[in-house]
Amino acid sequence: MEPTRDYPLFGGAFSATLPPGALDVSDLRPVPDNQEVFCHRVTDQSLIVELLELQAHVQGEEAARYHFEDVGGMQEARALQVDSVQPLLSENLALRSYCQEAWVLSGKQQVAKENHQVAKDVMVHQALLRLPRYQTDVLVTFNEPP
């Protein structure tokens, strides 16, 4: 079995430990500069790390919901359902000295894959780290298709 591997993100500014079978989507298609996207060749699960402009007009749990709805809108989701939103404790974060607040959201989005008409419920797990010093929201999204 292939071992996990550390993978540099955004030119080495961060890194992620990826599971066996993870593919860098930028090797397959263009990916925006503010994203790092990985998928699993067998399960079709995906991991997206995004550096976004800080959305200062929303705070707390509402910030996590805002990003969930924004991602759903970009994917043209036909239905959105938030199952839970929980704070992440700062002592568990490597970026704790920069992170004002952090949240984990789990929910479902009903989306159709590219070139498909049938929409399916995709479990979505998101972690939002808010870095006001850098005017940045870091959004980590894990998609778990049926």
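**Notebook: cores, sheet and helix**

I began with the nonpolar cores of this predicted model, and found that the largest one has 14 residues, with Ala64, Val85, Leu105, Leu128 and Leu139 making the most contacts inside it. I then asked which elements give two or more residues to this core, and noted α1 (61-74), β7 (101-111) and β8 (120-131); of these, α1 gives the most, with 4 residues.

I looked up Leu105 by itself and, leaving aside its neighbours within four places in sequence, listed its contacts as Ala64, Arg65, Phe68, Val82, Ser84, Val85, Val124, His125 and Gln126. Apart from the largest core I recorded another, of 8 residues, which includes Leu9, Phe10, Ala16 and Leu18.

Next I traced the sheet, an open one of 7 strands in the order β3-β4-β5-β9-β8-β7-β6, with antiparallel pairing. Its edges are β3 (22-24) and β6 (79-87), each of which pairs on one side only, and I noted that the twist from one strand to the next averages 20°. Within the sheet I checked β8 against β9 (residues 136-144), an antiparallel pair joined by 9 bridges, where Ala127 stands opposite Val140 of β9.

I then placed the helix: α1 lies across β5 (46-53), β6, β7, β8 and β9, and runs at about 30° to β7.

Last I turned to the hairpin of β1 and β2. Strand β1 (residues 5-9) pairs with strand β2 (residues 14-18) in the antiparallel sense over 5 bridges, and the bridge partner of Asp6 is Thr17 in β2. Between these strands are 4 residues, and in this hairpin I noted Phe10 with a positive phi near 50°; Phe10 is also among the residues of the 8-residue core.

How values were computed. Residues are numbered from 1 along each chain as its sequence is written. This is a predicted model: local features need pLDDT of at least 70, side-chain atom pairs count only at pLDDT 80 or more; totals for chains, interfaces and linings use all residues. Side-chain values use heavy atoms; hydrogens and water are left out. Two strands pair if DSSP finds at least two bridges between them. A nonpolar core is a set of buried Ala, Val, Leu, Ile, Met, Phe, Trp, Tyr and Cys residues joined through side-chain atoms within 4.5 Å. Buried means under 20% relative accessible area, exposed over 50%, partly exposed in between (1.4 Å probe, protein chains only). Contact means heavy atoms within 4.5 Å. Axes are lines fitted to C-alpha atoms, for helices over the stretch in contact, and angles run from 0 to 180 degrees between N-to-C directions.
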